[in-house]
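Biologist: I've pulled this one up on the screen and I'd like to go through it with you. Mind if I fire off some questions?

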Amino acid sequence: MKTLLRSLLYLALMVWLGAEVFFPIVAAVAFGTLRPDTHSAGMIVRQLLTILHGMGLVSGMVAMALLALAPAWGIYKPRTVLAPMGLVLVMIALTVYTQFGIIPTMERDRVAAGGAIDAADLANPSRVHFEKLHNRSEHAEEAILLLGLATVVLVARAETGRA
């Protein structure tokens, strides 16, 4: 049973991190394939981000639950799960912020800029704000990936300190 629960924890982390690693590749392919039509590529990437964030939230909740219950089940020592739980919590918070804060605001900016953000003037305040949020979104996704990698290391380290 302990092996199954540890496997589920690792699976939850792998699903989330795998999606985070694969997403930039898919985005690059979408923009490369639809090069003249960046608006369509952006809409595809937006939909993919929604899927990525959904996967991340489910995986994060599963990982949090398993980490929280692991000491009671004798899988890990209580102190060894605190740091991974903190990192997963930050990852979830960044995902929620990106999905429900940044993306809707970017959508409003895109509509305010006339629908296709690339067609708007570079000095257009909506485009300027959109680009700022896009940059913030990229940094959030990078942070989620790095925090996820750190979480995997900490969980692997907890394996050596199991009760």
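**Walking through the helices**

Modeller: Sure, let's start with a residue: P24 lies in helix α1. Keep in mind that this is a predicted model.

Biologist: Is P24 buried, partly exposed or exposed?

Modeller: Buried would need under 20% relative accessible area, and exposed would need over 50%. P24 comes out at 48% relative accessibility, so P24 counts as partly exposed.

Biologist: How far apart in space are P24 and L154, C-alpha to C-alpha?

Modeller: In sequence, P24 and L154 are 130 residues apart. In space, their C-alpha to C-alpha separation is 25 Å.

Biologist: Let's zoom out. What pattern does the protein chain follow along the sequence?

Modeller: There are four helices in the protein chain, and zero strands. Reading along the sequence, that gives α-α-α-α.

Biologist: What box do the C-alpha atoms fill?

Modeller: The box is taken along the principal axes of the protein chain. Roughly, the C-alpha atoms fill 60 × 30 × 20 Å.

Biologist: And what share of the accessible surface belongs to carbon and sulfur atoms?

Modeller: The protein chain has 163 residues, and 39% of them are buried. Its accessible surface comes to about 8,800 Å². The carbon and sulfur share of that surface is 71%.

Biologist: Take contacts with a separation of 6 or more: what percentage comes from residues 24 or more positions apart?

Modeller: Here you keep the contacts in the protein chain with a separation of 6 or more, then pick out residues 24 or more positions apart. That portion is 74%.

Biologist: Now the packing. Are α1 and α2 roughly parallel or roughly antiparallel?

Modeller: Helix α2 covers residues 38-69, and its axis comes within 9 Å of the α1 axis. The two axes cross at roughly 170°. Angles over 145 degrees count as roughly antiparallel, so α1 and α2 are roughly antiparallel.

Biologist: How many nonpolar residues does the contact of α1 with α2 have?

Modeller: Split by class, the contact of α1 with α2 has one charged residue and five polar ones. The nonpolar class has 23.

Biologist: How is α1 oriented relative to α4?

Modeller: Helix α1 (residues 2-33) packs on helix α4 (residues 125-160) at an angle of about 155°, with the axes 10 Å apart. That angle makes α1, relative to α4, roughly antiparallel.

Biologist: Which handedness does the crossing of α1 and α4 have?

Modeller: The residues that meet there include L9, L13, W16 and L17 in α1, and I144, L145, L149 and V152 in α4. By class, the contact of α1 with α4 has 12 nonpolar, two polar and four charged residues. As for the crossing of α1 and α4, it's left-handed.

Biologist: What about α3 and α4, roughly parallel or roughly antiparallel?

Modeller: Helix α3 spans residues 82-112, and its axis is 9 Å from that of α4. They pack at an angle of about 165°. α3 and α4 are therefore roughly antiparallel.

Biologist: How many charged residues are in the contact of α3 with α4?

Modeller: α3 passes α4 in a left-handed crossing. The contact of α3 with α4 has 20 nonpolar and nine polar residues, and its charged ones number four.

Biologist: Back to single residues. Is I102 buried or exposed?

Modeller: I102 sits in helix α3. Its contacts beyond neighbours within four places in sequence are Y97, L133, R136 and S137. At 1% relative accessibility, I102 counts as buried.

Biologist: How far is I102 from F130 in space?

Modeller: Along the sequence, I102 and F130 are 28 residues apart. C-alpha to C-alpha, their separation in space is 9.2 Å.

Biologist: A93 is in α3 too. Why does A93 count as partly exposed?

Modeller: C-alpha to C-alpha, A93 is 20 Å from L69 in space, with their positions 24 residues apart in sequence. A93 counts as partly exposed because its relative accessibility is 45%.

Biologist: Last one: which residues is A158 in contact with, leaving aside its neighbours within four places in sequence?

Modeller: A158 lies in helix α4 and is buried, with a relative accessible area of 4%. A158 and K77 are 81 residues apart in sequence, yet 7.6 Å apart in space, C-alpha to C-alpha. With those neighbours left aside, the contacts of A158 are Y76 and T80.

Definitions and conventions:
Residues are numbered from 1 along each chain as its sequence is written. This is a predicted model: local features need pLDDT of at least 70, side-chain atom pairs count only at pLDDT 80 or more; totals for chains, interfaces and linings use all residues. Side-chain values use heavy atoms; hydrogens and water are left out. Axes are lines fitted to C-alpha atoms, for helices over the stretch in contact, and angles run from 0 to 180 degrees between N-to-C directions. Helices (H or I, at least four residues) and strands (E, at least two) are DSSP runs, numbered from the N terminus. Angles under 35 degrees count as roughly parallel, over 145 as roughly antiparallel, 65 to 115 as roughly perpendicular and the rest as oblique. A crossing is left-handed if the near helix is turned anticlockwise from the far one by less than a right angle, and right-handed if clockwise. Contact means heavy atoms within 4.5 Å. Ala, Val, Leu, Ile, Met, Phe, Trp, Tyr, Cys and Pro count as nonpolar, Asp, Glu, Lys and Arg as charged, and the others, Gly among them, as polar. Buried means under 20% relative accessible area, exposed over 50%, partly exposed in between (1.4 Å probe, protein chains only). Accessible areas come from the Shrake-Rupley method with a 1.4 Å probe; for residues, only the protein chains shown count as cover.
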